[in-house]
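Me: Please take a close look at one part of this model, the place where two of its chains meet, and explain it with the cut-offs behind each term.

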Amino acid sequence: MTDTKANHRLDAQDVRRDLATYWAVHDRVNDAVRDSVRAELRGDPALRPIVDAAPGDGQASERLRALAARAVEDGDWDPYLRELRSQGATYARMGLAFADWFRVTTAYRRHVVPHLIEAYGHDREQLAAAMRGKGTFFDLALQAIGDSYLAVREDTIGKQSAALAELSTPVLQIRPGLLLMPIVGVVDTGRSRHLTEALLHAIRDRRARVVVMDITGVPEVDSEVANRIVQAAEAARLMGVVPILTGISAGVAQTLVALGVDLKGLRTIGDLQSGIREGDRVLGVRVVWDRHGPMEETADADGVDAFTGMVER
Amino acid sequence: MDADTRVRVAEDVDVVVARQAGRELAQRLGMSASLQTMVATAISEVARNMVVYAGCGEIVLSVVSDDGRRGIEITARDDGPGIADVDLAMRDGYSTGNSLGLGLPGARRLMDDFLVESVPQGGTTITMRKWLAEWT
Amino acid sequence: MPVPILHQGRLLIASVPPTATDRDLRELQDDLAEQVGRIGARGVIIDVSVLDILDSFATRVLETVGQVSHLRGATTVIVGIQPDVALAMVQLGVTLDAVATALDLEGGLALLHEQRSAASR
């Protein structure tokens, strides 16, 4: 707020005098100006909400008017600027476009001029002062509203980024106990943290025992990326899960070997299908022993041969 | 609101107190559960070092800001025997005492900023910071 | 405050509270070593689901329990490591190599049964 005051030199005597000269007329003719602006912009439905919200209507604008008066008369600018920003943020969240604000205030600036001429036409110095004051008055309003639009926009982007990050790290349940996490796109530090957290929470929430992490969709796997994936797998292991890495192309495999990346015993399988079958095998082994006690290790409860993957019936 | 929290660390139970204080501050700052846990774990490591190697010391927790972002700063200060070779101590697997590595390299991995100042027979000061991540 | 240890036949179960100090953990390590021998335990489950952190000391204790129990004929399973604890452990650089892990008590029991069945063949 100090910046705004400094930018427009609101503490300078001449600026304050110009504003006072302008304000004297503005306050008096506000309603009339608003009506003529409305008349001009009536044709454009998009501008209706802004014209209706323009100073002169309702509680919000009355509050603004009172604060503006205090600002011009007493030099107490902070409450007025705060109110401008607050109202600006409201309109931004309502979805009113900033460009439309600009059009409305431009129209307002034009429509107030005849009134200024009528009031000060006989005195060139006073008229010049009023015109300068008008400039300052509307520049201030636009800056405050612009600032709040920017702030709201940044806040929205932040929320959207977070939501997008969540959407882009889905963890899917293939069957009870078996989760699949397809990793697609660039895996940078921020994303890998997010990825790992999503994975670990899914493990806990779905009570997974096997997790297949598929990196078919990861374009570049260097030692950094590989280490992050290994870390995620290590964390999953601490939660009692068997992690399986799939989707390693020949090229990626060669890169990992060349870089000497330590996969720390992470089970790796070329393609996703085989990875899921391996996951089934791991699960199958446990299902047998839970339900039937010690049994031949080649068969699981569904009659699928643990080694060949073929169904026996 | 952002006054420092000071914890005197002289015995086992103080290690628990210090890390819980760290977790609370991190939570108040708005850090996610995983960041809170990282902060608490790093505090546990340095606090334990203090008890084991220096006998006693003090841990100060404060909120810091830099360039628009906010974070938590932990300063662990003791008047103990100091670390003769900080570089060596910061290497994984180093251990002088009874079975525990110094835990310093681990704490450094958990935090964003990490500084060790130590003079043999002149005490040790460890300053570490964790910043609030944006949009995560 | 000593960590309570439950018996269930040949099974020992200990649940570590978040207030446990280094001394409490050391005592737990000693108590478990003694009891494994005394009752001829085949399985030890340590439940850490309410622990908010697992640092280098705690991890070392768990590993030691695993190694000592193994020498005396018992399998140890650590159950209930929470997502952010697992994350911090990996970042810290500690590993649990000497013990098995499971999501929860049920998972831990299943794992113990599985291991016993494998051993008996």
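Reply: What follows describes the interface of chain C and chain A, after a short account of chain C itself.

This is a predicted model, in which local features need pLDDT of at least 70 and side-chain atom pairs count only at pLDDT 80 or more, while totals for chains, interfaces and linings use all residues. Residues are numbered from 1 along each chain as its sequence is written, chains are lettered from A and ligands numbered from 1 in the order in which they are written, and side-chain values use heavy atoms, with hydrogens and water left out.

Chain C has four helices and five strands (DSSP runs numbered from the N terminus, helices being H or I of at least four residues and strands E of at least two), and from the N terminus its elements follow the order β-β-α-β-α-β-α-β-α. Of the 121 residues in chain C, 55% are buried, a term that stands for under 20% relative accessible area, with exposed meaning over 50% and partly exposed lying in between (1.4 Å probe, protein chains only). Among the contacts in chain C with a separation of 6 or more, 72% join residues 24 or more positions apart, where contact means heavy atoms within 4.5 Å.

At the interface, 22 residues of chain C are in contact with 22 residues of chain A. The two chains bury about 1,900 Å² between them, with carbon and sulfur atoms giving 61% of that area; buried area here is the accessible area (1.4 Å probe) that two parts lose on being put together, summed over both. On the side of chain C, the residues that lose the most area to chain A are P83(C), V90(C) and L103(C), which together account for 30% of what that side buries.

Charged and polar pairs also cross this interface. The count of salt bridges between chain C and chain A is two, each being a side-chain nitrogen of Lys or Arg within 4 Å of a carboxyl oxygen of Asp or Glu, and D104(C) and R207(A) meet through their side chains in a salt bridge at 2.9 Å, N to O. Six residue pairs, both at pLDDT 80 or more, are in polar contact across the interface (a pair of N or O atoms within 3.5 Å; within protein, one must be able to donate a hydrogen and the other to accept it, and residues adjacent in sequence count only if both atoms are side-chain atoms).

As for the elements involved, α3 (83-92), β5 (100-102) and α4 (105-119) of chain C each supply at least two residues of the side that touches chain A, and the largest share, seven residues, comes from α3(C).
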